[in-house]
Structures are given as structure tokens and as C-alpha cells.
Amino acid sequence: MSEIDQTVAVDAEEEAFMRHAITLARRAEAEGEVPVGAVLVANGKVVGEGWNRPIISHDPTAHAEIMALRDAGQRLQNYRLPGTTLYVTLEPCPMCAGAIVHSRVNRVVFGATDPKGGAAGTVFRLLPSDQRFNHYVQAQGGLLAEECAELLRTFFRSRR
């Protein structure tokens, strides 16, 4: 089923945004959360950022992507986020993919694939979205994938 576009050209600006997401993932880890970070960008500027917080906030929806979308919505005073790109260290889950489509994000760039619940082709194919949705979202995986994956592997190894 895996149809993920892994052909991410390493662009310096895109790499910088993913590195920012990795920094946020480390913040999640410092708080005892699974290390996932997300940065939402519009016109070359960060408009939202988030990191995993479901444990600390007692909120099962507090994934990094959702937190970044919420942050951007507050900053921009709009629940629609057209013209944006979301950089996230881990392939979005189905819940996050739905929120991404509904918020009208244009593009998602993620690092590591998620073999247990990835919704960009690894397990489910909600991103890139198809014609059945009311909005099309592009998706690319593999930007700094090994670094993102190693962050998760190290975290889970330390928990065993």
C-alpha cells in the first residue's frame, strides 16, 4: 500500500523548517512525551508550532500537528490555513490527516514513516488526499527521515 512520495529534494529552507520541528520534538521528549514536532509555514515564515502533549495535557488530540494547527489558527485568527506547509517529524496519523485536510493546509512534509498508523500511505492513504475530500493536500515523506526515526527509536529504547 505504500505510495509515499519519498523524493524530497533537500532544500536549505525546507531542511531548516524540519530541523525546527526536530527541536520541538526534543521538547516533547523533555516533557516525557513521544518526540514528535511540527511547524506550520506560510510565505517562508513560521505561523504555528507544536509538539506532542497528550500525556501532560490529558488530551488525546494533543498531537504535534494538531497543536501546530491550533497555534496557527490563534495567531492568524482563522481556522482555515490555505497556502501553508506543515513540516512534521513523523508521518501524520488518521486523526491529524483529517485535521490537516479540514484546515486547508496545502502541503505536508514529514520525516519518518509510521508503520503502525501512518496516514500518508504507510498504513492508510488519507494524504495525499484524493478527490473524495473537499480539499487536496500534497504529501511528501523522507526529509531528514533517518534523524527523525532515530529520535523515536532512542526514545522507545529508553522506555523498555
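1. Leu40 is in contact, meaning heavy atoms within 4.5 Å, with Lys45, Val46, Val47, Gly48, Leu69, Ala72, Leu81, Thr84, Thr85, Leu86 and Val105, when residues up to four places away in sequence are not counted. The model is a predicted one, in which local features need pLDDT of at least 70 and side-chain atom pairs count only at pLDDT 80 or more, while totals for chains, interfaces and linings use all residues. Residues are numbered from 1 along each chain as its sequence is written, and side-chain values use heavy atoms, with hydrogens and water left out.

2. Leu40 also appears, with Met18, Leu86, Ile100, Val108 and Leu127, among the residues that touch the most other members of the largest nonpolar core, which has 43 residues. Such a core is a set of buried Ala, Val, Leu, Ile, Met, Phe, Trp, Tyr and Cys residues joined through side-chain atoms within 4.5 Å, where buried means under 20% relative accessible area, exposed over 50% and partly exposed in between, with a 1.4 Å probe and protein chains only. Two or more residues each come from helix H1 (12-30), strand S1 (37-42), strand S2 (45-51), helix H3 (64-76), strand S3 (84-90), helix H4 (94-102), strand S4 (107-112) and helix H5 (145-159); H1 gives the most, with seven residues. These elements are DSSP runs numbered from the N terminus, helices being H or I of at least four residues and strands E of at least two.

3. The sheet is open and mixed in its pairing, with five strands in the order S2-S1-S3-S4-S5; two strands pair if DSSP finds at least two bridges between them. Because S2 and S5 stand at the edges with a single partner strand each, one side of each has no neighbour in the sheet. The twist averages 15° from one strand to the next, with axes taken as lines fitted to C-alpha atoms, for helices over the stretch in contact, and angles running from 0 to 180 degrees between N-to-C directions.

4. S1 and S3 are antiparallel partners over five bridges, and Val41 has Thr85 in S3 as its bridge partner. H3 packs on the sheet, where it touches S1, S2 and S3, and its direction makes about 140° with that of S2. H5, for its part, lies across S3 and S4 and runs at about 60° to S4.

5. Gln140, in strand S5 (residues 138-141), counts as buried at 14% relative accessibility. Its side chain makes a polar contact of 2.6 Å with the side chain of Arg107, a polar contact being a pair of N or O atoms within 3.5 Å, of which, within protein, one must be able to donate a hydrogen and the other to accept it, residues adjacent in sequence counting only if both atoms are side-chain atoms.

6. Taking a salt bridge as a side-chain nitrogen of Lys or Arg within 4 Å of a carboxyl oxygen of Asp or Glu, the count comes to nine. One of them joins Arg53 and Glu31 (3.1 Å, N to O); Arg53 lies in the loop between S2 and helix H2 (54-57) and Glu31 in the loop between H1 and S1, so the pair ties together parts 22 residues apart in sequence. Arg53 is partly exposed at 24%, and Glu31 is partly exposed at 28%.

7. Another salt bridge, between Asp71 and Arg75, has its closest N and O atoms 3.0 Å apart, and both residues lie in helix H3, four residues apart, about one turn of the helix.
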